[in-house]
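The following exercises concern a single protein chain and ask the reader to work from its sequence and coordinates. Each task is followed by a solution in steps.

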Amino acid sequence: NLSDANLSGANLPIFCKWRISHTTDGKIKIGCKEKTIQEWDDWFSSDDVFETRRGTQEFKQIHAIYLAYKVYFETLYN
């Protein structure tokens, strides 16, 4: 329980239940699903569900790690 801990300046890892990476053809892979950035943006804007229910903390973590990886990918390859 870290509810009263002072974590200012702490380096905390980003957690996501699925591994995120990119493929050699420029797609971002989350778990076993591969999509282009536009396809992921469209998917996250939709109501579609793969395994993790939308609105859950796990889904928020997946979306957050995607957004962070999207910036990483675009910075390196655009």
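The exercises below treat a pocket, a nonpolar core and two individual residues of this predicted model.

**Exercise 1. The largest pocket**

Task: Describe the volume of the largest pocket, the residues that line it and their chemical character.

Solution:
1. The space in the largest pocket amounts to about 220 Å³.
2. Its lining consists of 13 residues, and those nearest the centre are Trp18, Ile30, Lys33, Phe50 and Glu51.
3. Two elements, helix H1 (37-45) and helix H2 (57-77), each give two or more residues to this lining.
4. H1 provides the largest share, with three residues.
5. By character, the lining residues comprise nine nonpolar, two polar and two charged.

**Exercise 2. The largest nonpolar core**

Task: Identify the residues with the most contacts inside the largest nonpolar core, and state which element gives the most to this core.

Solution:
1. The core has 14 residues, and the most contacts inside it belong to Ile20, Ile28, Ile30, Trp40, Phe44 and Tyr66.
2. At least two core residues come from each of strand E2 (28-30), H1 and H2.
3. H2 gives the most, namely six residues.
4. Tyr66 may be examined in more detail: beyond four places in sequence, Tyr66 touches Ile20, Ile28, Ile30, Ile37, Trp40, Asp41 and Phe44.
5. Ile30 joins the two exercises, as one of the residues nearest the pocket centre and one of those with the most contacts inside the core.

**Exercise 3. Lys27**

Task: Locate Lys27 and decide whether Lys27 is buried, partly exposed or exposed.

Solution:
1. Lys27 belongs to the loop that lies between strand E1 (20-22) and E2.
2. The relative accessibility of Lys27 is 26%, so this residue counts as partly exposed, the limits of that class being 20% and 50%.
3. Excluding residues up to four places away in sequence, Lys27 touches Ser21, His22, Glu34, Lys35 and Thr36.
4. From Lys27 to Val71 the C-alpha distance is 13 Å, with a separation of 44 residues in sequence.

**Exercise 4. Glu58**

Task: Which element holds Glu58, and why does Glu58 count as partly exposed?

Solution:
1. Glu58 is found in helix H2.
2. Glu58 counts as partly exposed because its relative accessibility is 37%.
3. Once neighbours within four places in sequence are set aside, Glu58 is in contact with Lys17 and Thr52.
4. Glu58 and Lys33 are 25 residues apart along the chain, and 16 Å separates their C-alpha atoms.

Key:
Residues numbered from 1 in each chain as written. Predicted model: local features only at pLDDT ≥ 70, side-chain atom pairs only at ≥ 80, totals over all residues. Heavy atoms only, no water. 1 Å grid on protein atoms, 1.4 Å probe; cavity = no way out; pocket = protein on both sides within 12 Å on 5 of 7 lines; lining within 4 Å. Points joined across faces, edges and corners; volume = space filled by probe spheres on them. Helix = DSSP H or I, 4+ residues; strand = E, 2+ residues; numbered from the N terminus. Nonpolar A, V, L, I, M, F, W, Y, C, P; charged D, E, K, R; others polar. Core = buried A, V, L, I, M, F, W, Y, C linked by side-chain atoms within 4.5 Å. Buried < 20%, exposed > 50% of the residue type's maximum accessible area, 1.4 Å probe, protein only. Contact = heavy atoms within 4.5 Å.
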